Amino acid sequence: MADKYKAILQTELQNNDLPQSAKMVLDYLDKLKNFPLIIAITGESGSGKSTLVNALRGIRNRTEGAAPTGVVETTVEPTEYVHPEMPNIRIWDLPGVGTTNFTADKYLEYVGFEKYDFFIIVSSDRFRENDAKLAKEIQRMNKKFYFVRSKIDHNVRDEKEENPNFNEEDLLKLIRDNCTKELQDLGFESPKVFLVSCFKLHLYKFEDLCKTLMEELPEHQRDVLLLALPNISLDVIKRKKETLGSKIMWLSAASAAGAAVPVPGLSAGVDLSIIVSCVIQCAISLGLTPGLLQKLSDVTGVSLEDLKAELKSPLAGVKITSALVLQVLTRSAAYILATTVEEGARLVPVIGTVVAMSLSCATTYKALKYILNTLAEDTQRVFIKALGLNSPV
Ligand SMILES: Nc1nc2c(ncn2[C@@H]2O[C@H](COP(=O)(O)OP(=O)(O)OP(=O)(O)O)[C@@H](O)[C@H]2O)c(=O)[nH]1
Ligand SMILES: [Mg+2]
């Protein structure tokens with residue numbers, strides 16, 4: 001949470017104005033949830049732009065709602081795709097840069113460059129003149145770009161065909177060094193080049209692209225992007241859990257300040273609606289809603305039944321309702337209460353003495369953390385199952 005907000009909130013809490021501070025927390029988190037992140041995917045025709053748009057949205061090419069893709073040119077005008085679960089994330093599929101009648105500078109005007117937070121230039125095979133012109137023009141417009149070299153799975157397959165004993169790492173290095181050098185020759189000091197297969201985001205360097213974006217985006221957009229990413233690695237799942245965990249702290253304070261509904265088994269009252277929407281957000285970000293599990297099954301070919309067999313939390317893979325959350329909270333109440341005092345103490349430096357002392361804040365916090373942990377463990381198991389990995393969670 002932004003430091004300025006933290007300071008104001010702490011003052012409010014010290015003044016004991018709990019409803020006011022609860023409202024502030026909710027307003028702030030709501031703003032974060034709705035904060036727009038607008039990504040432009042550009043590059044030459046056929047480089048795999050639309051396929052990347054689909055992959056970022058966690059869906060397969062040619063499924064309903066997917067950006068049209070194919071071996072002949074398909075995208076003719078800028079088209080916006082909204083993330084299926086997070087409408088504040090908008091990904092723009094742009095027409096191939098060489099296919100319009102515009103030069104690179106006019107092309108950027110045509111696609112409305114100002115509105116994008118950053119560009120991803122997608123290039124397959126060789127680094128082309130159009131890639132170079134585009135990169136230059138984007139930089140001239142004071143916008144950021146990241147260079148994705150796509151269809152790496154093709155290159156690996158082709159190389160294997162010619163030389164079964166080839167070294168994959170050497171090949172990847174060769175491709176990356178070549179793209180980097182081309183960009184350096186154009187005057188970019190330390191260009192960011194990522195080798196990707198849109199069909200297999202967990203392989204090669206898509207994860208590095210995500211890490212770089214996390215480092216370079218402003219804090220509010222970093223969280224927005226992280227929580228919307230497909231689960232491409234155990235590390236991403238861990239980071240999602242941490243980010244959701246920090247939101248839980250603030251939501252607990254807001255929920256306790258609302259203190260309207262007594263939850264059976266927990267001695268203090270909480271605002272259940274806040275807890276329920278928080279649990280729903282966790283399930284969405286971790287990819288555990290029925291719709292997202294179905295999409296994962298479509299993308300990986302692992303049956304929905306097999307994925308669901310990995311779930312242990314009663315809140316995973318089902319429609320989350322207030323009644324269900326209440327049931328889970330009640331069932332885990334004994335465990336939660338047993339560990340509440342210690343957790344309350346941990347909240348003190350962050351939220352301030354008044355709320356930290358409030359048992360209902362600490363119990364809510366503990367309950368939500370407990371739910372988040374079990375959901376994150378489910379996500380890890382589903383991820384391992386989906387990718388056929390054998391490593392233990
Ligand atoms: N093997 C492999 N094929 C890919 C990859 N990305 C895209 N393709 C294929 O490449 C072809 C072109 O992909 P599109 O996503 O339609 O390319 P595009 O850049 O949107 O093309 P235009 O809209 O015509 O500019 C399709 O047949 C995709 O299936 C990839 O990472 N690996
Ligand atoms: Mg396209």
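## Exercises on pockets, cavities and strands

In this predicted model, domain 1 (3-33 + 231-387) and domain 2 (35-228) both give residues to the lining of the second largest cavity, so this cavity lies between them.

### Exercise 1. The cavity between the domains

Which residues line the second largest cavity, and how do they divide into nonpolar, polar and charged?

*Step 1.* Start with the space itself: the second largest cavity holds about 40 Å³.

*Step 2.* List the lining. The residues are Glu207, Cys210, Lys211, Met214, Leu226, Leu229, Asp235, Val236 and Arg239.

*Step 3.* Assign them to elements. Two or more residues come from each of helix 8 and helix 10 (234-258). Helix 8 gives the most, with 4 residues.

*Step 4.* Sort by type. The lining has 5 nonpolar residues, 4 charged ones and no polar ones.

### Exercise 2. The largest cavity

What is the volume of the largest cavity, and which element gives the most to its lining?

*Step 1.* The structure holds 3 cavities of 30 Å³ or more. The volume of the largest cavity is about 120 Å³.

*Step 2.* Its lining consists of 14 residues, and the closest to the centre are Ile39, Leu56, Ile91, Leu225 and Leu229.

*Step 3.* Strand 3, strand 4 (118-123), helix 8 (206-216) and helix 9 are the elements that give two or more residues to this lining. Helix 8 gives the most, with 4 residues.

*Step 4.* By type, the lining of the largest cavity has 13 nonpolar residues, 1 polar residue and no charged residue.

### Exercise 3. Two pockets

How do the residues of the lining divide into nonpolar, polar and charged in the largest pocket and in the second largest pocket?

*Step 1.* Take the largest pocket, with about 770 Å³ of space. It is lined by 39 residues, and Ala55, Gly58, Pro230, Leu296 and Val299 are the closest to its centre.

*Step 2.* Find the elements. Those that give two or more residues to this lining are helix 3 (49-56), helix 9 (219-228), helix 11 (272-285), helix 12 (290-300) and helix 18 (359-387). Domain 1 and domain 2 each supply at least three residues.

*Step 3.* Count by type: 22 residues in the lining of the largest pocket are nonpolar, 11 are polar and 6 are charged.

*Step 4.* Now take the second largest pocket, with about 520 Å³ of space. Of its 25 lining residues, Gly46, Gly48, Thr51, Gly70 and Lys151 are the closest to the centre. Helix 3 and helix 6 (152-162) give two or more residues to this lining, and helix 3 gives the most, with 3 residues.

*Step 5.* Count again: the lining of the second largest pocket has 5 nonpolar, 15 polar and 5 charged residues.

### Exercise 4. The partners of strand 3

In which sense, parallel or antiparallel, does strand 3 pair with strand 1, and in which with strand 2?

*Step 1.* Strand 1 (residues 37-43) pairs with strand 3 in the parallel sense, over 5 bridges. Within this structure, Ala40 has Trp92 of strand 3 as its bridge partner.

*Step 2.* Strand 2 (residues 79-82) pairs with strand 3 in the antiparallel sense, over 4 bridges. Here Thr79 stands opposite Asp93 in strand 3. Strand 2 and strand 3 form a hairpin, with 6 residues between them.

*Step 3.* Check how covered the strand is. In strand 3 (residues 89-93), 4 of the 5 residues are buried.

### Exercise 5. Positive phi

Where is Asn142 placed, and is this residue buried or exposed?

*Step 1.* Recall the background: most residues other than glycine have a negative phi.

*Step 2.* Asn142 has a positive phi, near 60°. Its place is in the loop between helix 5 (129-140) and strand 5 (145-149).

*Step 3.* The relative accessible area of Asn142 is 71%, and exposed means over 50%. Asn142 is therefore exposed.

*Step 4.* Repeat for Lys151. Its phi is also positive and near 60°, and Lys151 is placed in the loop between strand 5 and helix 6. At 31% relative accessibility, Lys151 counts as partly exposed. Lys151 is also one of the residues closest to the centre of the second largest pocket.

Methods: Residues numbered from 1 in each chain as written. Chains lettered and ligands numbered in written order. Predicted model: local features only at pLDDT ≥ 70, side-chain atom pairs only at ≥ 80, totals over all residues. Heavy atoms only, no water. 1 Å grid on protein atoms, 1.4 Å probe; cavity = no way out; pocket = protein on both sides within 12 Å on 5 of 7 lines; lining within 4 Å. Points joined across faces, edges and corners; volume = space filled by probe spheres on them. Nonpolar A, V, L, I, M, F, W, Y, C, P; charged D, E, K, R; others polar. Domains from an automatic or database assignment. Buried < 20%, exposed > 50% of the residue type's maximum accessible area, 1.4 Å probe, protein only. Pairing = 2+ DSSP bridges.
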